[in-house]
Amino acid sequence: MVILSLFLTAGLYSQAERYTAARENMVATQIIARGIADREIIKSMEKVPRHRFVPAGYEDEAYGDYPLPIGYGQTISQPYIVAYMTEAVKPSAKKKVLEIGTGSGYQAAVLAGIVDTVYTIEIIEALAGEATERFKMLGYKNIIVRSGDGYNGWIEHAPFDIIVVTAAAEVIPKPLIDQLAEGGRMIIPVGSQYGAQVLKLVIKKLGKTEIRDLLPVRFVPFRRQ
Ligand code: SAH
């Protein structure tokens with residue numbers, strides 16, 4: 001009887017409803033419960049279908065409290081880290097964002113639900129291609145993807161109000177600091193590939209650059225072409 005009713009309950013919900021429930025649970029237990037309070041970020045993470053950003057076969061793990069492999073030795077970041085980095089750069093409606101390290105496109109999609117435009121650069125051409133397809137399929141019109149080395153930023157669209165780097169650099173690339181707008185904020189993991197890394201927040205104020213250490217982290221390395 002118990003088994004039968006469980007079976008019936010499972011059958012009552014569609015796959016889509018199960019993903020929505022998993023996403024709501026992720027936002028409640030991993031994002032809000034850990035102190036992320038920005039309503040726009042919460043709303044955006046409630047909307048972005050993270051299970052569409054992971055490789056086939058990983059959909060049921062998409063809302064877990066950990067990063068997942070996306071192929072080519074790269075990963076989609078843990079949901080909390082995405083939320084934390086997003087909150088640190090204070091996104092809002094009119095802002096222009098540069099992301100280095102498109103990967104799956106998940107971080108870009110979370111930002112795109114809040115800001116005006118997201119420019120994103122991915123060094124692995126195949127991942128850049130997959131993300132472009134994914135954005136098209138999901139209807140994101142304000143994300144522009146380019147394949148290449150993001151070290152030099154994207155001068156044609158600079159300056160940026162926000163820069164988000166999702167691969168760990170040994171030092172903060174100078175061109176990225178240069179392309180940050182007055183009052184702009186950049187978040188970037190800094191450290192060696194195998195050693196300690198720390199998330200740093202860079203704020204440009206009256207031409208001066210202030211750098212704060214936020215959180216120890218573990219990211220894939222920032223590569224050079
Ligand atoms: N933001 C991604 C996280 C991807 S992991 C997501 O939400 O899924 C970091 C990505 O940075 C990897 O895909 C890696 O290939 C890319 N990367 C590393 N060095 C880079 C560089 N110099 N320029 C652009 N992308 C880079």
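How do β8 and β9 pair, and over how many bridges? Let's start there. They pair in the antiparallel sense, and 9 bridges hold that pairing. Before I go on, please keep in mind that this is a predicted model.

So, staying with those two strands for a moment. Between β8 and β9 there's a hairpin with 2 residues in between, and Leu206 in that turn has a positive phi of about 50°. If you want one pair to find on screen, look for Leu201, which stands opposite Arg212 in β9.

Now go the other way from β8. Strand β7, residues 180-191, runs antiparallel to β8, residues 197-205, and 7 bridges join the two. That's a hairpin too, this one with 5 residues between its strands. Two pairs to look for here: Arg185 has Ile203 of β8 as its bridge partner, and Ile188 is partnered by Lys200, also in β8. Is β8 enclosed or open? Largely enclosed by the rest of the structure, because 7 of its 9 residues are buried.

Okay, zoom out to the whole sheet. What is the strand order? Reading across, it goes β5-β4-β3-β6-β7-β8-β9, which makes an open sheet of 7 strands with mixed pairing. At the edges you find β5, residues 143-147, and β9, residues 208-217; each has a single partner strand, so one side of each is left without a neighbour in the sheet. From one strand to the next, the twist averages 15°.

There are helices against this sheet as well. Helix α4, residues 79-88, packs on it and touches β6, β7, β8 and β9, with its direction at about 165° to that of β9. Over by β4 and β5, we have helix α6, residues 125-138, which lies across those two strands and runs at about 160° to β5.

Next, the β3 part of the sheet. Strand β3 is residues 96-100, and 4 of those 5 residues are buried, leaving the strand mostly covered. Who are its neighbours? On the β4 side, residues 117-122, there are 5 bridges and the strands run parallel; Ile100 has Ile121 as its partner there. With β6, residues 160-165, β3 is again parallel, this time through 4 bridges, and Leu98 stands opposite Ile163.

Here's a nice bit to trace with your finger. Follow β3 into helix α5, residues 106-112, and then into β4: together they make a right-handed β-α-β unit.

On that path, in the loop between α5 and β4, sits Val115. Is Val115 buried or exposed? Its relative accessible area is 6%, so Val115 counts as buried. Leaving out residues up to four places away in sequence, Val115 touches Pro91, Ser92, Ala93, Lys95, Val97 and Asn142. There's also a separation you can check: Val115 and Ile162 are 47 residues apart along the chain, and their C-alpha atoms are separated by 9.8 Å.

Let's move to helix α3, residues 39-47. Which of its residues are buried? Ile41, Ile42, Ser44 and Met45. Those four cover an arc of only 165° around the axis, which puts them on the same side of α3. As a reminder, an α-helix has 3.6 residues a turn, so residues three or four places apart point the same way. Among what covers that buried set are α2, residues 15-32, along with α4 and α5. Turn to the face away from the buried side and you meet the exposed residues Arg39 and Lys47.

And how does α3 begin? Asp38 caps the N-terminal end, with a side-chain oxygen 2.9 Å from the backbone nitrogen of Glu40.

Last stop: Gln30, which is found in helix α2. The relative accessible area of Gln30 is 7%, under the 20% cut-off, so this residue is buried. What does its side chain reach? The backbone oxygen of Tyr63, at 3.0 Å. Again skipping residues up to four places away in sequence, the contacts of Gln30 are Asn25, Tyr63, Gly64, Asp65, Pro79 and Tyr80.

To recap the route: we began at the β8 and β9 pairing with its 9 bridges, went across the sheet of 7 strands, followed the right-handed β-α-β unit, and ended at Gln30 in α2. That's my tour, thanks for listening.

Methods:
Residues are numbered from 1 along each chain as its sequence is written. This is a predicted model: local features need pLDDT of at least 70, side-chain atom pairs count only at pLDDT 80 or more; totals for chains, interfaces and linings use all residues. Side-chain values use heavy atoms; hydrogens and water are left out. Buried means under 20% relative accessible area, exposed over 50%, partly exposed in between (1.4 Å probe, protein chains only). Two strands pair if DSSP finds at least two bridges between them. A crossover is right-handed if, with the strands pointing away from the viewer, the path from the first strand over the helix to the second runs clockwise. Axes are lines fitted to C-alpha atoms, for helices over the stretch in contact, and angles run from 0 to 180 degrees between N-to-C directions. Contact means heavy atoms within 4.5 Å. The arc is that of the directions from the helix axis to the C-beta atoms. A polar contact is a pair of N or O atoms within 3.5 Å; within protein, one must be able to donate a hydrogen and the other to accept it, and residues adjacent in sequence count only if both atoms are side-chain atoms.
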